[in-house]
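I opened the model today to look up a handful of residues and contacts. My notes follow in the order I took them.

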Amino acid sequence: MSMTEANWMRHSIQLGIVGVRRILRGLRRNPYQIRLLTVSGIALGIFLGGMGVLFALLLRTLDAPISIPNEVRLTVSALWVGVVWFLGQRALLYWRRPKAEAFVLTTVSTRTAAVSMLLTEFFAACLFLVLPTVLLVGVVGYAFLSPVSLLLVPLAVGLFAASATVVGYALGFVYLVVNARSRRFATQQGQLIVQLVLLAVIAYLVIQFLGEIPAVWDVTSFVWLPTSWLVDLASLGTPVSASLGRALAGVLGSLVVIGGGTLVVEHLAGTYWVTDPGSATRDDGDTAPEPRSHDSGTLAAGISPLVIPRFVGRPTQRVAQLVLLRLRRAPRRLLFLFTLVVSLGIYFGVVYTQLDDPLSLVPVVCALFFPWLAGAAFGLNPLGDEGTVLPATLTSSISGRQFVGGLMLPGLLYGLPITVLCTLVGSMMSSYPLEVQVGFVCISAVLTVVAVGLAPAVGMHSPRFSAVTISQSGGVVPPSMTAIIVYSVLVGLLGGGAIFALLAPASLFEFVTGSLVSVGLLRIGSITGVLGIALVLVRWSYRNTARRFRQYTLD
């Protein structure tokens, strides 16, 4: 490990800027991501701008002092935890080896390489946070006419992003180092993670339902995270009754976390990059090729007791069998979907604790989560999953419709019944009337078809080919973050729109139509309209994906 040079900070900043430029060049080469970011930025700006104006007008009518609700602190802390998990995933996906490894590790010190990695992620996060920060400064400044907010709000956002970046990457490299040094963890990491998640869920349920555990263990303990005190920092100089002590503690705590976490990342990254004896540097082509030469009997035996019927056609059947075989051989690929699951789990956990009827949330979660999982588990990275046999697949006689149909088939055969069953059980647990329970089941069934059809379309537009190879483990090619986010947003919007139409109060429909149309008829029409649009979108995406598969060329 090389000694730290005198100008390591200046070199780290320069390498961080180079890293951001590399990210921007990658975006410019992908027009699909540029259009996505543009549309998302415009939509986010309109939404946050409109909501910000409404909140600013509301805040100006309140009498000082205004107290900070605990829900605001809790939301900020939960968001911080979600960002930490997301950045930890980025450490596993993109920074197992430093960029330009041969140059960086032989030219600058390990500290410079590690700090430049953190600065690259921090600078990139700042670019994405510019729009929300400007809107937040505008709302606070307009509501309270406080010039101090021009300085303190960006400072709070910067400390939020910096602390989340450092902690996320520290956790990511802890995982990498432990995985590289422990053969048992490397071979059984999926089982261990599932067991830890189950233990956490069971512990949380015990805490919630027994009610005899001290309140410090409740979800609202997130209020005491130093990151939640950054709300006080952003509120200083306004009529909001912010705590100066908490603001200073938030700043000092964040600085300690940033400084100490940076040293931890430096040590762990240096250990993993320089002394890792595993196979993290091997090429993606070292992974075992898919068994394309196996006959259908071998594939059927490999996925037993699961079965793909023969009447769908031999090519479609073999594609579906290979999809199930990959998932059985490498279930760890599903762990990369935990980023969104954990983030949403934190949010729904907060909502769950605040509801008068917590069980009313169960059918909503079932109707959204299980369709999302049915599509994401099988078809969110169809080209990357082919691995070394992708050229043979593209030049084979299989048609685009057969290939896409094979990707959709496992989700329809197994995901659809599981979704309907879970939603039915969740609806029966709730206090909703029978017609609403039937609506949940119908929405979940249609949404599963929609999700299973959208996943290959999104995955083929944003494929990922580079595998994540961790020491003794084999290579895993997870879906790209762009594909996960776009797919999740589409399924969430379509499913959320249908569920909103199902649960919207009757007064809303009466206000819209002026009592000219029956509320029940209008509700059914709204749900049918949303689901009809979703099915039309799926039909179009199915044709587009099949055509794209036949026209796809390797660069």
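**Asp232.** I started with Asp232, which sits in helix 8. The model is a predicted one, and I kept that in mind throughout. Is Asp232 buried or exposed? Asp232 is buried, because its relative accessibility is 0% and the cut-off for buried is under 20%. I then looked for what its side chain reaches. The side chain of Asp232 comes to 2.9 Å from the backbone nitrogen of Ser243. I listed its contacts, leaving out neighbours within four places in sequence. They are Ile68, Arg73, Ala242, Ser243, Arg246 and Ala247.

**Thr238.** Next I moved on to Thr238, in the loop between helix 8 and helix 9. Thr238 counts as buried, since its relative accessibility is 13%. I found a polar atom of the Thr238 side chain 2.5 Å from the backbone oxygen of Ser235. Beyond four places in sequence, Thr238 touches Val140, Phe144, Ser146 and Ser149.

**Nonpolar cores.** I turned to the nonpolar packing. In soluble globular proteins, nonpolar side chains tend to be buried together. Which residues touch the most other members of the largest nonpolar core? I noted Met117, Tyr169, Phe173, Leu233 and Trp273, in a core of 39 residues. Two or more residues each come from helix 3 (70–94), helix 5 (110–144), helix 6 (149–181), helix 8 (230–235) and helix 9 (244–275). Helix 6 gives the largest share, 16 residues. I also logged a second, separate core with 22 residues. Leu383, Phe403, Leu407 and Phe549 are among them.

**Helix 6.** Given that share, I checked helix 6 itself. Helix 6 has 33 residues and spans 48 Å from first C-alpha to last, close to the 48 Å expected at 1.5 Å a residue. Of its 33 residues, 25 are buried, so I wrote helix 6 down as mostly covered.

**Aromatic pairs.** I searched the whole structure for ring pairs. The search gave 6 aromatic pairs. I took Phe369 and Phe370 first. Their centres are 5.3 Å apart and their planes meet at 70°, an edge-to-face pair. Both rings belong to partly exposed residues: Phe369 has a relative accessible area of 28%, and Phe370 has 22%. Then I looked at Tyr432 and Phe440. Why is this pair tilted? The centres are 5.4 Å apart and the planes stand at 55°, and tilted covers angles that are neither under 30 degrees nor over 60. Phe440 is buried, with a relative accessible area of 0%. I also noted a cluster in which ring pairs link Phe369, Phe370, Trp372 and Tyr487.

**Cysteines.** How many disulfides are there? I counted 0 disulfides, the rule being sulfur atoms within 2.5 Å. I looked up two cysteines for accessibility. Cys126 is partly exposed at 28% relative accessibility. Cys442 is partly exposed as well, with a relative accessible area of 43%.

**Arg539.** My last stop was Arg539, in helix 20 (residues 519–551). Is Arg539 buried or exposed? Arg539 is exposed, because its relative accessible area is 53% and the cut-off for exposed is over 50%. I also checked its distance to Val450. The two lie 89 residues apart along the chain, and their C-alpha atoms are separated by 9.0 Å.

Notes:
Residues are numbered from 1 along each chain as its sequence is written. This is a predicted model: local features need pLDDT of at least 70, side-chain atom pairs count only at pLDDT 80 or more; totals for chains, interfaces and linings use all residues. Side-chain values use heavy atoms; hydrogens and water are left out. Buried means under 20% relative accessible area, exposed over 50%, partly exposed in between (1.4 Å probe, protein chains only). A nonpolar core is a set of buried Ala, Val, Leu, Ile, Met, Phe, Trp, Tyr and Cys residues joined through side-chain atoms within 4.5 Å. Helices (H or I, at least four residues) and strands (E, at least two) are DSSP runs, numbered from the N terminus. A polar contact is a pair of N or O atoms within 3.5 Å; within protein, one must be able to donate a hydrogen and the other to accept it, and residues adjacent in sequence count only if both atoms are side-chain atoms. Contact means heavy atoms within 4.5 Å. The expected span of a helix is 1.5 Å times one less than its number of residues. Rings of Phe, Tyr and Trp (its six-membered ring) pair if their centres lie within 6.5 Å; planes under 30 degrees apart count as stacked, over 60 as edge-to-face and the rest as tilted.
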